[in-house]
Amino acid sequence: MSYKIPMGPYHPALEEPYKLDLICEGETVCDAKLHIGFNFRGIEHLAETRNYIQVIALMERVCGICSNIHTLTLCQAMEGLTGLTPPPRAQYIRVVVAELERLHSHVLWAGIAAKLMGFKTMFMTCFELREKVMDILQAISGNRVNYSMNRIGGVNRDIDDPQAILKMVEALEREMARTVIPIFTTSRTARSRCAGIGVLTLEKAVSCGVVGPTARASGLPQDLRRAAPYAAYAEMEFDVPVQQDGDVRARLLVRALEIMESCKILRQALAKLPPGELHSGDDKFAFATGTATSRVEAPRGEVMYSVSWKENSRNPSRVHVRTPTFANMPAIRWMVIGARLADTPLIQASIDPCYSCTDR
Amino acid sequence: MNPWNKLMCYCRRRSPWLFHMNSGSCNGCDIELVASLTPRYDAEQLGVRLEGSPRHADILCITGPVTHNAVNAIKTVYDQVCGPKAVVAIGSCPATTNVFIDSRTLEGPLNRHIPVDVFVPGCPPRPDAIVLGIAKAAEILANRAAKKLPVEPVCIPGTECAAECAAGCAAKAAASEVQP
């Protein structure tokens with residue numbers, strides 16, 4: 001006889017408020033239903049009441065983990081409407097901040113995954129390492145969470161001393177290679193806890209339309225940084241780690257390898273940082289009537305913004321956001337079916353959900 | 001006060017347990033709260049522990065601008081925390097609803113629904129400010145248990161709100177405005 005276990009919306013295993021109804025038979029999960037909407041702040045509607053400067057500050061607060069990605073995507077879409085092109089230095093600084101953000105997001109996820117595995121020492125180690133990433137972000141932008149680096153046609157702040165930042169990144173890379181990566185790639189504890197659970201086959205991954213590391217862990221080699229380069233990604237050399245297994249361990253591996261790739265991109269971008277202006281310098285620009293879209297590879301997958309504007313208006317007439325969790329969420333159902341009840345917190349966390357982005 | 005109560009007051013001040021609740025926050029403050037409990041900032045040196053159940057907690061840490069869907073949950077969770085209890089509002093969102101002001105799906109600020117003891121403004125506040133806020137809440141908790149009244153709301157001024165504090169802190173003004 002099957003019974004229903006409601007989890008949430010406020011539950012110790014969940015980082016954010018959402019509700020997971022698990023239909024179980026004994027210890028085995030037969031089906032799952034996900035209810036979201038507890039974070040709904042009506043940001044898309046609010047954006048229509050804000051002008052072109054305020055809307056950047058508003059969209060930065062869609063998500064506290066990937067705040068830079070949201071402003072980057074929005075600014076790219078608005079640049080499409082105004083016809084401004086950011087100068088090369090701004091493009092490189094955008095890459096540096098975006099990669100640092102990916103680093104801190106992946107390390108944060110690794111920490112939370114370690115906690116859900118019951119590996120609390122690793123959780124503390126990850127957060128200690130994450131503080132070093134935050135130090136670099138703070139050295140560049142002065143802030144820890146909402147960096148406010150992007151503006152229309154460029155960035156707000158310069159990287160004054162790329163060599164000092166490069167040294168910090170190299171120290172960080174050594175530390176990552178020494179502690180986090182071996183534990184997540186070769187440790188028996190992590191392997192025995194994660195291997196073979198929450199499997200998402202390639203077929204299901206395609207039919208659910210998953211994005212980002214979740215897709216790459218199921219054998220879909222998709223990465224917008226490679227497929228549709230934005231900012232200065234076309235000039236960077238990096239690999240896109242892909243795993244074929246589709247289980248939680250594959251997702252762990254993809255993220256661990258991506259941490260190293262991010263460090264590689266950071267080193268290249270900081271070494272090659274071109275001289276020049278920080279923004280196009282154009283204070284007077286006009287928005288054309290129409291809709292512009294922009295796609296960016298966030299730490300969790302693809303973010304898409306579609307911004308509509310009417311000529312001579314200060315406010316956007318519509319800002320539509322599609323977040324990676326929205327695409328990855330339906331896959332949770334296929335991952336938990338047949339899983340043990342005790343594994344479900346780890347499985348649902350393995351897509352790195354961000355419901356505050358999804359609800360907005 | 002009898003020695004037993006004295007001991008309880010001492011324990012409450014020295015080892016308050018937290019329950020964290022996200023009332024529609026953007027995750028920024030939640031992550032900073034977790035960061036303040038981890039090795040660099042180490043709020044656990046205050047005897048603080050993050051608890052899974054509100055019934056075990058002394059201090060309720062609330063982040064977020066209080067969405068329509070979260071209001072009833074906040075009231076329920078507040079009632080579930082055993083007294084004496086203290087509430088810490090982390091971030092500018094629960095104090096003033098921040099950038100989301102005018103949104104139709106928000107029921108904030110937080111002190112319209114439950115009494116708040118410590119405001120930690122900032123978007124998000126730095127982990128050091130959060131640790132200080134928790135320490136202040138522990139003090140308030142001990143005073144409340146010892147029935148040293150009245151207990152006024154406290155504000156932890158951060159670097160971000162220095163300008164506002166000079167002109168009279170926004171969070172404090174909001175706190176004195178409405179009490180349930």
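# A tour from helix H3 of chain A to the contact with chain B

Begin by selecting helix H3 (residues 67-82) of chain A, which lies across S6 and S7 of chain A and runs at about 150° to S6(A). Angles here run from 0 to 180 degrees between N-to-C directions, and axes are lines fitted to C-alpha atoms, for helices over the stretch in contact. Two residues are in contact if their C-beta atoms, placed from the backbone, lie within 7 Å. Helices (H or I, at least four residues) and strands (E, at least two) are DSSP runs, numbered from the N terminus.

The model is predicted: local features need pLDDT of at least 70, side-chain atom pairs count only at pLDDT 80 or more, and totals for chains, interfaces and linings use all residues. Residues are numbered from 1 along each chain as its sequence is written, while chains are lettered from A and ligands numbered from 1 in the order in which they are written.

**The sheet beneath H3**

Next, select S6, S7 and S8 of chain A, an open antiparallel sheet of three strands in that order. Its edge strands, each pairing on one side only, are strand S6 (290-298) and S8 of chain A. Neighbouring strands of this sheet are turned by 15° against each other on average, direction ignored. Two strands pair if DSSP finds at least two bridges between them; S7(A) and S8(A) run antiparallel and are joined by five bridges. To inspect one bridge, show A:Met304, whose partner in S8(A) is A:Arg322.

Now move to the loop between strand S7 (301-309) and strand S8 (318-322) of chain A, where A:Asn312 lies. Phi of A:Asn312 is near 65°, a positive value in a residue other than glycine. Most residues other than glycine have a negative phi, and most peptide bonds are trans. A:Asn312 is exposed, with 8 other C-beta atoms within 10 Å. A residue counts as exposed if 12 or fewer other C-beta atoms lie within 10 Å of its own, buried if 20 or more do, and partly exposed in between, with C-beta atoms placed from the backbone.

**The N-terminal strands**

Select S1, S2 and S3 of chain A, which form an open sheet in the order S1-S2-S3 with antiparallel pairing. Strand S1 (3-7) and strand S3 (28-35) of chain A are the edge strands. Here the average turn between neighbouring strands is 20°, direction ignored. Strand S2 (residues 19-25) of chain A pairs with S3(A) over seven bridges; the partner of A:Cys24 in S3(A) is A:Val29.

**Two sites in chain B**

Turn to B:Thr97, found in the loop between helix H4 (92-96) and S5 of chain B. Its phi is also positive, near 65°, and B:Thr97 counts as buried, with 22 C-beta neighbours inside 10 Å. Then select B:Pro124 in the loop between strand S5 (118-120) and helix H5 (127-145) of chain B. The peptide bond from B:Cys123 to B:Pro124 is cis, with omega near -10°.

**The contact between the chains**

Finally, display both chains: the contact takes 31 residues from chain A and 32 residues from chain B. On the side of chain A, helix H2 (54-60) and helix H5 (120-141) are the elements that give two or more residues. The largest share, four residues, comes from H5(A).
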